[in-house]
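Hi,

Here's the structure I promised to pass on. Have a look at it first, then read my notes underneath.

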Amino acid sequence: MYRINEIFYSLQGEGYHSGMPAVFVRFSGCNLRCAFCDTQHQNGTMMSLQDIVNEVNKYPIAPLLVLTGGEPSLFIDEAFVAELKQKTGKKIAIETNGTRPLPSHLDWVTLSPKSAFEGGNMEPCVLTHCDELKVVFLNQDLAQYDGIEAKHRFLQPCFVEDLEQRKTNMKFCVDAVKTYPNWRLSLQIHRVLEIP
């Protein structure tokens, strides 16, 4: 059984697949305690793998299934991913903080290390390879990510409620991408456009 915060169909709002329709399976529970986290970890419904498959299959036209959280790597394994692929026919992506090894046959790995932040530094990032490195940016030193091999690198301004701080975070990102053009800007378009 798995504690699932929510399963929903929407558009991917950030990173490489921004704008693509996807089904999101959001797990409850994480091994880190980042102050800016948007998941209510105390909430969740216990679901079997078949329950998850049944819910995902309500959206047959979605090409992508995104495992997110929380931290999905705490709960999934090779058999979980294999059955999801076989029973849904979808490409399986994961959004992870990188503190745990991953099953080998995921179709896309988005690594978002949190070790630069208080609460996110409780465990080290152990992943060194990913498809997409997506860094929540608060003007930290980017050199700490040099050892991670990634096909794509994104800086994403940290979302906060305070409007002035949001503008400051965006300026940090824009300036950093202009200085280090191997990074690209990622916006949370679901927030900007208020997409549920």
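Below is what I found, starting with the sheet and moving on to the helices.

One thing to keep in mind: this is a predicted model. It has an open sheet of nine strands with mixed pairing, and the order across it is β3-β1-β2-β4-β5-β6-β7-β8-β9. The edges are β3 (45-47) and β9 (184-185), each of which pairs on one side only. If you want a spot to zoom in on, try β4 (residues 64-68) and β5 (residues 91-96), which pair in the parallel sense over four bridges. There you'll see Val-66 opposite Ala-93 in β5.

Now the helices. α2 (residues 78-88) lies across β1, β2, β4 and β5, and runs at about 155 degrees to β4. α3 (residues 163-179) packs on the sheet too, where it touches β7, β8 and β9, and its direction makes about 145 degrees with that of β8.

What about α1 (residues 49-56)? Its buried residues are Leu-49, Ile-52, Val-53 and Val-56. They fall within an arc of 100 degrees seen down the helix axis, so they line one face of α1. The cover over them includes α2 as well as β1, β2, β3 and β4.

Back to α3: which of its residues are buried? Those are Asn-169, Cys-173, Ala-176 and Val-177. Looking down the axis of α3, these also sit within an arc of 100 degrees, so they line one face of the helix. They pack against β7, β8 and β9, while Glu-164, Lys-171, Lys-178 and Thr-179 are exposed on the other side of α3.

Cheers

Key:
Residues numbered from 1 in each chain as written. Predicted model: local features only at pLDDT ≥ 70, side-chain atom pairs only at ≥ 80, totals over all residues. Heavy atoms only, no water. Pairing = 2+ DSSP bridges. Helix = DSSP H or I, 4+ residues; strand = E, 2+ residues; numbered from the N terminus. Contact = heavy atoms within 4.5 Å. Axes fitted to C-alpha atoms, helices over the stretch in contact; angles between N-to-C directions. Buried < 20%, exposed > 50% of the residue type's maximum accessible area, 1.4 Å probe, protein only. Arc of directions from axis to C-beta.
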